[in-house]
Structures are given as C-alpha cells and as structure tokens.
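Please open the model in a viewer and keep the selection panel at hand. The tour below proceeds from the whole chain to individual residues.

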Amino acid sequence: EREIHIKNCAFDGPADGESALKEAGEILTENCFFNLRYPFWHCDKVEIRDSNMTELCRAALWYSNDIDISGSKLHGIKAVRECRGVKLSDCDIISPEFKKAGNKVYMLKPDYDKNGLPETKSLLALYDKVFSLAQSGKIVSAYTPTLGGVAEAVLKMALGNGLGFAFADTSLDEIFGYNYGAFVVEATEEIDGTLLGCVTEAAELTLGAEKLALDELQSIYEN
C-alpha cells in the first residue's frame, strides 16, 4: 500500500506552474489530470493509473525511479526524462516535439461552417483519424495550433529536440492563419493532408531563401 494516495484530482495552474509532487515517494495517483510542467520531480516508487498528462506537462517524470504507469495519456515532450525502473502499459504516448530529420509535416483540418467553426461530424472524424495514425506509428508528433497558427506550432515542435524545419511552397496565410480544430503532425510516410514542409537536421527555420536560427528564436520566445 502506498503512503500517498491521490485520486480524482486535477493539478493545474499558471503558465509557469510546476512540480506538483516534488521529492516524494510511495505515491499512487488514480484518474488524475496534470496540466503543468514537471508534475513528478525527484520522486521514487510512483504508480500512475488512468491519468492524463497534457502537452503542457514537459518532462512529466524527471529524476524519478521505480515507476509503473498504466492506462494513462502522456502527451508532453520528454515525458520520461532521466528516470530508472520505468514500466508502461496500455498508455497513449505522443508528444509535440519533432523526432527525426527528413520526416514530412502536414496540417490536417476539419471542414468549417460559414462562421469559420469546425463542423462537428468532420471534427470527430479528424480526431479518429489522428488517433489511428498515431496508433499505427504513421505520425510521431502532433500539435494543435492556436492563435499563432502553423508558425507557432512549428517553432514549438522544433524546440523540443533542437531540430529545424523547412517550409514547403506554403503561403503566409497558411503559415499565420488560424485553423481552429486542426492538427500539425509529423509523419513517417506520406499521408493525406496539406504538406507544410519537412524536419531538418540544421537547427533553423527556413522559408525560401530566408533562415532564422532556432537558438535566436528560442531566446526571443523565452525572454
């Protein structure tokens, strides 16, 4: 029996919130929701069941040991970082950072109504499509663009592993436009969608002859 038993709880907070459980041990969490950085930091003997860690859960488990995770979603970058003794079963794991140079990146969009909102039937079908592609291994990273559009999505996906991105022949409207309910996905093979470009080894974002170094963009973004 665990010394700390957390059930049906949500751990959320401001954009800079972090470390819900820090330097703790003998923890069992069941049906919990985590939406902040480093929720488990320097923890030992952790059991996580039927819980959800969103894309904001950067390094969800960091410097932690003897971990058993089952029936859970881990959608943040570097979900298990510098840990030992980790067992995962029946988990849904997909993170937004680019994985490999050469992979193509696509945008998948639902149909929109006259008000620019996704049509419900089309949106639900898109969710099923993305889930199926992820389960089959055809997409290895995904991001849901917000007000920053594709430009924001590509930047954040590039920062995770320091890989770059080269835009295809894409319009500025496509890059900076708002596509509610869409997904930007990194694919290991050709899929049906709007091709945005490809992942590159060089840590820079390129559009035609224009290049921006990733470290400079990261400095601007973080400061």
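Begin with the charged side chains of this predicted model. Selecting them displays 22 positive and 36 negative side chains, and the centres of the two sets lie 3 Å apart.

Next, show the whole protein as a cartoon. The protein contains 4 helices and 21 strands. Its radius of gyration is 18 Å, close to the 17 Å given by the globule rule for 223 residues, so the protein is as compact as a globular protein of that length. Measured out along the principal axes, the C-alpha trace spans about 55 × 40 × 30 Å.

Switch to a surface representation. The accessible surface amounts to about 12,000 Å², and carbon and sulfur atoms account for 48% of it. Of the 223 residues, 43% are buried. Among contacts with a separation of 6 or more, 47% join residues 24 or more positions apart.

Now hide the surface and turn to the interior. In soluble globular proteins, nonpolar side chains tend to be buried together. Select F98, F165 and L205: within the largest nonpolar core, which has 22 residues, these three touch the most other members. The elements that supply two or more residues to this core are β15 (104-108), α2 (149-159), β17 (164-167), β19 (194-200) and α4 (214-222). Of these, α2 gives the most, with 7 residues.

Centre the view on F98. Which residues is F98 in contact with, leaving aside its neighbours within four places in sequence? They are V105, S141, V154, M157, A158, N161, L163, G164, F165, E186 and V199. A further core of 19 residues lies apart from the largest one; I6, I27, A79 and C83 are among its members.

Select α2 next. In this helix 9 of the 11 residues are buried, so α2 is largely enclosed by the rest of the structure. The buried positions are G149, V150, E152, A153, V154, L155, M157, A158 and L159. Two of the names just listed for F98, V154 and M157, are therefore worth displaying again here as buried residues of α2.

Finally, move to A24. Where is A24 placed? A24 sits in the loop between β3 (21-22) and β4 (25-30). Draw a distance from A24 to W41: the two are 17 residues apart in sequence, and their C-alpha atoms are 8.1 Å apart in space. Not counting residues up to four places away in sequence, A24 touches I4, H42, C43 and D44.

Terms used:
Residues are numbered from 1 along each chain as its sequence is written. This is a predicted model: local features need pLDDT of at least 70, side-chain atom pairs count only at pLDDT 80 or more; totals for chains, interfaces and linings use all residues. Side-chain values use heavy atoms; hydrogens and water are left out. The radius of gyration is taken over C-alpha atoms; the globule rule is 2.2 Å times the number of residues to the power 0.38. Buried means under 20% relative accessible area, exposed over 50%, partly exposed in between (1.4 Å probe, protein chains only). Contact means heavy atoms within 4.5 Å. Accessible areas come from the Shrake-Rupley method with a 1.4 Å probe; for residues, only the protein chains shown count as cover. Lys and Arg count as positive and Asp and Glu as negative; His and the chain ends are not counted. The place of a charge is taken as NZ of Lys, CZ of Arg, CG of Asp or CD of Glu. A nonpolar core is a set of buried Ala, Val, Leu, Ile, Met, Phe, Trp, Tyr and Cys residues joined through side-chain atoms within 4.5 Å.
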